[in-house]
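These notes are meant for a colleague who is opening this entry for the first time. Please keep the sequence and the view side by side while reading the points below.

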Amino acid sequence: ANAYFVPDIGIIRAITGAAQRGVAVHVLVPDHSDVPVVDWVRGYFYDKLLAAGVRIHHWNQSVLHAKVAVVDDAWAMVGSYNLDWMSLLRLHEVVVAVLDSGFATRLSAILRADIAASREILPALWGKRPFWRRWAERFLYLFRRYL
């Protein structure tokens, strides 16, 4: 789960590579960010993620400001780091990595419940978005490092 999901190419490659190897990869992001341009920028790489088998979910129940990850119900990450250039290069963000199956399992259950309450982005429907939206996503993606 990530509030401002604008990953660099390395993160995209890692996520798509895992999905292509058969790992179940789910990404939970807010349906509408409090920084609206983020919604447009992240749409630029949804096609690539969806084609690789990554499942993308939009949370619309309340504000999503989480920055968490769980791997195999054994390892978890919780912090303030967003998957974007601003967090990587300019902001003083912190992440705690926890290698504890009890903690990871509890966090995983919370994430699974949130994913179940979210709207999944389906590749067939996502691919039918208007040309002008695709163009805007591509254009705004050029400025991703300033988000």
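1. A word on pairing comes before the details: two strands are said to pair if DSSP finds at least two bridges between them. With that in mind, strand E1, residues 26-30, and strand E2 pair in the parallel sense over five bridges, and within this pairing Pro-30 stands opposite Trp-59 in E2. Please bear in mind throughout that the model is a predicted one.

2. On the overall fold, the protein contains six helices and six strands, and when these are read along the sequence they follow the pattern α-β-α-β-β-β-α-β-α-β-α-α. A reader who wishes to trace the chain may find it helpful to keep this order at hand, since the later points refer to individual helices and strands by their labels.

3. On overall dimensions, what radius of gyration does the protein have, and what would a compact globule of 147 residues have? The protein has 15 Å, and because a compact globule with that number of residues would have a radius of gyration near 15 Å, the two agree. The box that the C-alpha atoms fill, taken along the principal axes, is roughly 45 × 35 × 30 Å.

4. On the interior and the contacts, buried residues make up 40% of the 147 residues in the protein. If one takes the contacts between residues at least 6 apart in sequence, 75% of them join residues that are at least 24 apart.

5. On the surface and the charges, the accessible surface of the protein comes to about 8500 Å², and carbon and sulfur atoms account for 62% of it. The protein carries 17 positive and 13 negative side chains, and the centres of these two sets lie 8 Å apart.

6. Returning to strand E2, which spans residues 55-59, how many of its five residues are buried? Four of them are, so the strand is largely enclosed by the rest of the structure. This enclosed strand is also the parallel partner of E1, to which it is joined over five bridges.

7. The hairpin of E3 and E4 deserves a separate look. Strand E3, residues 68-71, and strand E4, residues 75-79, run antiparallel and are joined by four bridges, and Val-68 stands opposite Val-78 in E4. Three residues lie between the two strands of this hairpin, and in it Asp-72 takes a positive phi near 55 degrees.

8. The loop between E3 and E4 holds both Asp-72 and Asp-73, and I would ask the reader to check the backbone at each of them. Asp-72 has a positive phi of about 55 degrees although it is not a glycine, and Asp-73, which is not a glycine either, has a positive phi of about 50 degrees. As for accessibility, Asp-72 counts as exposed because its relative accessibility is 71%, while Asp-73, at 28%, counts as partly exposed.

9. A further aspartate, Asp-39, lies in helix H2, which covers residues 36-52. Is this residue buried or exposed? Its relative accessibility is 11%, so Asp-39 counts as buried, the cut-off for that class being under 20%. Once its neighbours within four places in sequence are left aside, Asp-39 is in contact with Asp-31, His-32, Ser-33 and Arg-133.

10. Helix H4, residues 101-116, includes Ala-116, and Thr-105 is found in helix H4 as well. Ala-116 is exposed, with a relative accessible area of 67%, whereas Thr-105, at 39% relative accessibility, counts as partly exposed. Although Ala-116 and His-57 are 59 residues apart along the chain, their C-alpha atoms are separated by 8.9 Å; for Thr-105 and Val-94, which are 11 residues apart along the chain, the corresponding separation is 22 Å.

11. A last point concerns Phe-131, which lies in helix H6, residues 131-141. Phe-131 is exposed, its relative accessible area being 65%. From C-alpha to C-alpha, Phe-131 and Val-94 are 38 Å apart in space, and they are 37 residues apart in sequence.

Conventions. Residues are numbered from 1 along each chain as its sequence is written. This is a predicted model: local features need pLDDT of at least 70, side-chain atom pairs count only at pLDDT 80 or more; totals for chains, interfaces and linings use all residues. Side-chain values use heavy atoms; hydrogens and water are left out. The radius of gyration is taken over C-alpha atoms; the globule rule is 2.2 Å times the number of residues to the power 0.38. Buried means under 20% relative accessible area, exposed over 50%, partly exposed in between (1.4 Å probe, protein chains only). Contact means heavy atoms within 4.5 Å. Accessible areas come from the Shrake-Rupley method with a 1.4 Å probe; for residues, only the protein chains shown count as cover. Lys and Arg count as positive and Asp and Glu as negative; His and the chain ends are not counted. The place of a charge is taken as NZ of Lys, CZ of Arg, CG of Asp or CD of Glu.
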